[in-house]
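Here is a short briefing on one protein model, arranged by topic. Please keep the sequence and the structure in view while reading.

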Amino acid sequence: MSRPDATVEAVTAEAYRVPADAPESDGTLTWDATTIVVVRARGGGATGLGYTYCAAAAARLVEDVLADVVRGTDVMAPPRAAAAMGAAVRNVGRPGLASCAISAVDVALWDLKARLLGLALADLLGRARHGVPGYGSGGFTSLSLEELERQLGGWAAEGFAAVKMKVGRDPGRDPVRIRAARAAIGDDVALFIDANGACDPPGALALAEAAGAAGVTWFEEPVSSDDLEGMRLVRERAPAGMAVAAGEYGYTPWYFRRMAAAGAVDCMQADATRCGGVSGFMAVDALCDAFTLPLSAHTAPTVHAHLGVAAGRMRHIEWFHDHVEVERRLFDGVPEPVDGVLVPDPDRPGLGVELRLADDLRCAA
């Protein structure tokens with residue numbers, strides 16, 4: 001196979017707002033829609049696609065700051081473009097919006113490279129495994145008990161080995177919700193909970209004790225992930241067999257390094273749509289290897305299906321209700337789990353998806 005001799009010719013971005021089924025909430029936030037910023041990178045007669053879940057302002061940042069930085073770079077060298085984008089946002093502020101914008105562009109550049117080579121992104125990176133287990137994720141605090149049971153029980157019936165629910169908005173009610181979830185999924189499916197940083201350490205430990213009685217094996221962000229001492233305290237005192245996880249709000253390599261060095265988690269989470277795209281996510285995988293930590297992918301299942309089969313420390317991918325619906329609505333070719341496992345299609349180059357026409361969802365410029 002000859003090496004394509006091409007440069008990035010143009011980078012564009014658009015934002016789309018996709019309404020939720022109904023108003024939703026977790027331990028610290030309420031929402032009624034999800035905004036996705038889609039980036040397209042053109043070069044060599046092909047177009048690569050990337051995206052991030054972020055405010056629509058990220059699309060403006062891509063076109064006003066990052067597009068000129070990336071234009072003219074070698075399509076075969078996405079890490080070089082990633083370094084240039086990182087330098088370009090020094091005065092913008094790297095964490096947050098800028099990292100999300102960089103992530104979307106980076107994914108688009110890797111997708112473009114894979115398409116030009118005629119390879120699925122998973123095969124370009126190199127598969128470490130055939131497929132990656134997903135876990136059904138939703139269980140919003142806004143759901144009634146019946147809705148919670150139906151959603152989580154539905155994922156269990158589809159073959160997912162684990163499901164996750166939100167907690168922390170009403171701690172007094174959470175034990176009842178957890179017991180209802182356990183009854184709905186049975187004893188053979190793992191039950192995870194996610195507080196989204198809603199608790200303080202004493203409250204998190206009380207909730208962990210109640211959850212442990214229902215066989216919960218995963219407690220995500222029991223306290224704010226910025227509180228590394230609090231995270232470590234909960235991890236050290238949580239019931240035996242309950243893993244503490246965090247990392248979804250990591251935007252830079254230093255964030256993940258500090259979390260690992262602090263002993264704050266049993267499992268690191270990373271989100272390629274926030275932490276620097278493909279380049280950033282694979283760097284987190286290398287960090288986890290150095291600290292002997294497992295890695296779990298946060299949401300965005302279409303991207304993470306490819307990264308998950310390539311990342312050596314990967315444990316599982318979050319099959320998040322809202323992002324599943326957004327990606328099915330906007331993209332053709334999204335991977336679908338079989339018995340709870342995601343396997344990227346080797347016959348579809350790049351991410352294997354194409355953007356549908358969705359003018360009714362496009363955010364105003």
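**Briefing**

Glu236 is exposed, with a relative accessible area of 55%. Glu236 shares a salt bridge with Arg232, at 4.0 Å from N to O. The model is predicted, and the points below go from the whole protein to strand β7, then to salt bridges and one buried histidine.

**Overall form**

- The protein contains 12 helices and 14 strands.
- Its radius of gyration is 20 Å, which agrees with the value near 21 Å that a compact globule of 365 residues would have.
- Along the principal axes, the C-alpha atoms fill a box of roughly 60 × 40 × 40 Å.
- Of the 365 residues, 58% count as buried.
- The accessible surface comes to about 14,100 Å², and 50% of this area belongs to carbon and sulfur atoms.
- Among contacts between residues at least 6 apart in sequence, 71% join residues at least 24 apart.

**Strand β7 and its partners**

- Strand β7 covers residues 216-220, and 4 of these 5 residues are buried, so the strand is largely enclosed by the rest of the structure.
- Strand β6 (residues 190-194) runs parallel to β7 and is joined to it by 4 bridges.
- Within this pairing, Trp218 of β7 stands opposite Phe192.
- The connection from β6 through helix α7 (residues 201-213) to β7 makes a right-handed β-α-β unit.
- Strand β8 (residues 243-246) also pairs with β7 in the parallel sense, over 3 bridges.
- Glu220 has Ala245 in β8 as its bridge partner.
- A right-handed β-α-β unit is also made by β7, helix α8 (residues 228-237) and β8.

**Salt bridges**

- Side chains of opposite charge can pair when their charged atoms come close.
- The count of salt bridges in the model is 21.
- Lys164 forms one with Glu220, and their closest N and O atoms are 2.6 Å apart.
- This pair links distant parts of the chain, with Lys164 in strand β5 (residues 162-166) and Glu220 in strand β7, 56 residues apart.
- Lys164 counts as buried at 1% relative accessibility, and Glu220 counts as buried at 0%.
- Lys164 and Glu220 belong to a network of salt bridges that also links Lys166, Asp194 and Glu318.
- Arg71 and Asp68 meet through their side chains in a salt bridge of 2.4 Å, N to O.
- In that pair, Arg71 is partly exposed at 39% relative accessibility, whereas Asp68 is exposed at 53%.
- Arg232 and Glu236 lie 4 residues apart in helix α8, so about one helical turn separates them.
- Arg232 is partly exposed, with a relative accessible area of 29%.

**A buried histidine**

- His306 is located in helix α11 (residues 301-310).
- With a relative accessible area of 3%, His306 falls under the 20% cut-off and therefore counts as buried.
- Beyond its neighbours within four places in sequence, His306 is in contact with Ala120, Leu121 and Ala122, and also with Pro344, Gly350 and Leu351.

Definitions and conventions. Residues are numbered from 1 along each chain as its sequence is written. This is a predicted model: local features need pLDDT of at least 70, side-chain atom pairs count only at pLDDT 80 or more; totals for chains, interfaces and linings use all residues. Side-chain values use heavy atoms; hydrogens and water are left out. Buried means under 20% relative accessible area, exposed over 50%, partly exposed in between (1.4 Å probe, protein chains only). Helices (H or I, at least four residues) and strands (E, at least two) are DSSP runs, numbered from the N terminus. Two strands pair if DSSP finds at least two bridges between them. A crossover is right-handed if, with the strands pointing away from the viewer, the path from the first strand over the helix to the second runs clockwise. Contact means heavy atoms within 4.5 Å. The radius of gyration is taken over C-alpha atoms; the globule rule is 2.2 Å times the number of residues to the power 0.38. Accessible areas come from the Shrake-Rupley method with a 1.4 Å probe; for residues, only the protein chains shown count as cover.
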